[in-house]
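Open the model in a viewer and keep the selection box within reach. The tour begins with the whole chain and then moves to single residues.

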Amino acid sequence: MRFEEHLLDDTITSVYGLEVVDLDGDGVKDVVIGSQGESVIAWYRAPGFERRILSREHKGTVGIIGRDLTGSGLPDLIAIGGFGRQNRDTIEYLHWLENNGTGADFPSHFIEQIPYLHRIALLQPREGIPPVLLAASIRGPVGGYDDFGDPGCLWCYRIPEDPYREKWEKRLVDPGLHLNHGLFVGDFNRDGREDVLIGCRDGIISLIPPEDPFEGEWRRTVVIEREASDVFVADVDRDGVEEILSVEPWHGNELALYRCQGGEWKRRLLDDELHRGHAVHGVDVDGDGSLEIMVGCNGGGGGITLYRRAADEWLKEVVDRGGLGVGQMRIVDLDGDGRLDIVAGGLSTGNLKWYRNVPDSPEAP
């Protein structure tokens, strides 16, 4: 297995928001990005990945989710707009962009302003009911540029049946998340329902929702009392118990693996030479049944590194050596060949790349 690099764009600054979704309903996954530095939300239509501009009205797009909100059969886009810790002329806001089927000029529908809004995700509370939208702010509105004393918050929103006319009902889940950065959604406790794991200055925090996220208590636990940035949950050793992958501290230089042993989470440092770590994933990219770890950085030119387990060691393999400073990345089969690829946006390098997973030899499947 190797990754074949494809440059999709190098003309948009600060690529941050990223989604991989079949935007036009042709059965092929496309790429959608938003820029933190420019007023651009763009669509790269597969298979040729030609660019179409969906909107030039929204700067600071650091989060994008594809979801059919109108019942048209095509995914609309839920997005964060206006993110900019230094420039407070615009307060960060939630909005959704209507997929009008034209591939251009998606109308925007305002949901709500949230100061320093930084992450969004969908959570499926249980099978058979619609997902809820999670929205997390990196900090509160009080204080100067680098003052993170005022904590960020996590909210959940009920997605309305009629998003044109109905209000997005919300509930405050957690008001005390200092320097809230990583937001992972998955079945952390293996009860068949999705949970939330957050990396922040307060540590790594799990939030287990009730069956109805708008009724009952969200169970909060500080799992790890160590400042964390991005987090990911995966059964790395295939023993039936989830492990935690963590970039530490905020935008940090360390990659840690936590394994629960005897009721305690034991930390193993896998790497302490990250350059401003900004994304972490645990996936089986080569299809051998063992999980690999993928980390993206955006300091010192950036880069993407794969960690492969060999006996009790983790061996590093460079995917991109400083050619892309990761804002976000997705591990997904982009071309439909059955192998997981990497799609990453360059926050510090102003580019967008697809790393195609190809066999080592033409004879390989």
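Start with the whole chain in cartoon view, and keep in mind that this is a predicted model. Contacts come first: of those in the chain with a separation of 6 or more, 44% are accounted for by residues 24 or more positions apart. Colour by secondary structure next; the chain has 28 strands and zero helices. Its radius of gyration is 20 Å, close to the 21 Å that the globule rule gives for 365 residues, so the chain is as compact as a globular protein of that length. Turn the C-alpha trace along its principal axes, and the spans are about 55 × 45 × 45 Å.

Switch to a surface view. The accessible surface of the chain is about 15100 Å², and carbon and sulfur atoms make up 45% of that surface. Beneath the surface, 55% of the 365 residues count as buried. Colour by charge to see 38 positive and 65 negative charges; the mean positions of the two sets lie 3 Å apart.

**Stop 1: the cysteines**

Select C153 and C200. How many disulfides does a search of the whole structure find? The search finds zero. C153 takes part in no disulfide, and the nearest cysteine sulfur, which belongs to C200, is 12 Å away. Seen from the other end, C200 is also in no disulfide, and its nearest cysteine sulfur is that of C153, at 12 Å. A disulfide would need the two sulfur atoms within 2.5 Å. Is C153 buried or exposed? C153 has 14% relative accessibility, so it counts as buried. C200 is buried too, with a relative accessible area of 0%.

**Stop 2: the cis peptide bonds**

Select A46 and P47 and show the backbone as sticks. The peptide bond joining A46 and P47 is cis, with omega about 5°. P47 sits in the loop between β4 (41-45) and β5 (50-55). At a relative accessible area of 70%, P47 is exposed, because the cut-off for exposed is over 50%. Add V28 to the selection: V28 and P47 are 19 residues apart along the chain, and their C-alpha atoms are separated by 7.4 Å.

Now go to E248 and P249. The bond from E248 to P249 is another cis peptide bond, with omega near -20°. The loop to look at runs between β19 (243-248) and β20 (254-261), and P249 lies in it.

**Stop 3: positive phi outside glycine**

Select S14. This residue is not a glycine, yet it has a positive phi of about 50°. S14 is in the loop between β1 (2-9) and β2 (15-21). With a relative accessible area of 21%, S14 is partly exposed, because buried means under 20%.

Select A311 next. Here phi is positive again, about 60°, and A311 is not a glycine either. Which strands flank the loop that holds A311? They are β24 (303-310) and β25 (313-320). A311 counts as exposed, at 73% relative accessibility.

**Stop 4: the loop that holds I91**

Select I91, in the loop between β7 (76-81) and β8 (93-97). Its relative accessibility is 25%, so I91 counts as partly exposed. Show everything around the residue and ignore its neighbours within four places in sequence: I91 is then in contact with Q113, I114 and P115. Look back along the chain to G81, which is 10 residues away from I91 in sequence; the two C-alpha atoms are separated by 8.5 Å.

**Stop 5: the loop that holds G144**

Finish by selecting G144. The loop in question lies between β11 (132-137) and β12 (152-158). G144 is partly exposed, with a relative accessible area of 41%. Add H275 and draw a distance between the C-alpha atoms: G144 and H275 are 131 residues apart along the chain, and the separation in space is 26 Å.

Key: Residues are numbered from 1 along each chain as its sequence is written. This is a predicted model: local features need pLDDT of at least 70, side-chain atom pairs count only at pLDDT 80 or more; totals for chains, interfaces and linings use all residues. Side-chain values use heavy atoms; hydrogens and water are left out. Helices (H or I, at least four residues) and strands (E, at least two) are DSSP runs, numbered from the N terminus. The radius of gyration is taken over C-alpha atoms; the globule rule is 2.2 Å times the number of residues to the power 0.38. Buried means under 20% relative accessible area, exposed over 50%, partly exposed in between (1.4 Å probe, protein chains only). Contact means heavy atoms within 4.5 Å. Accessible areas come from the Shrake-Rupley method with a 1.4 Å probe; for residues, only the protein chains shown count as cover. Lys and Arg count as positive and Asp and Glu as negative; His and the chain ends are not counted. The place of a charge is taken as NZ of Lys, CZ of Arg, CG of Asp or CD of Glu.
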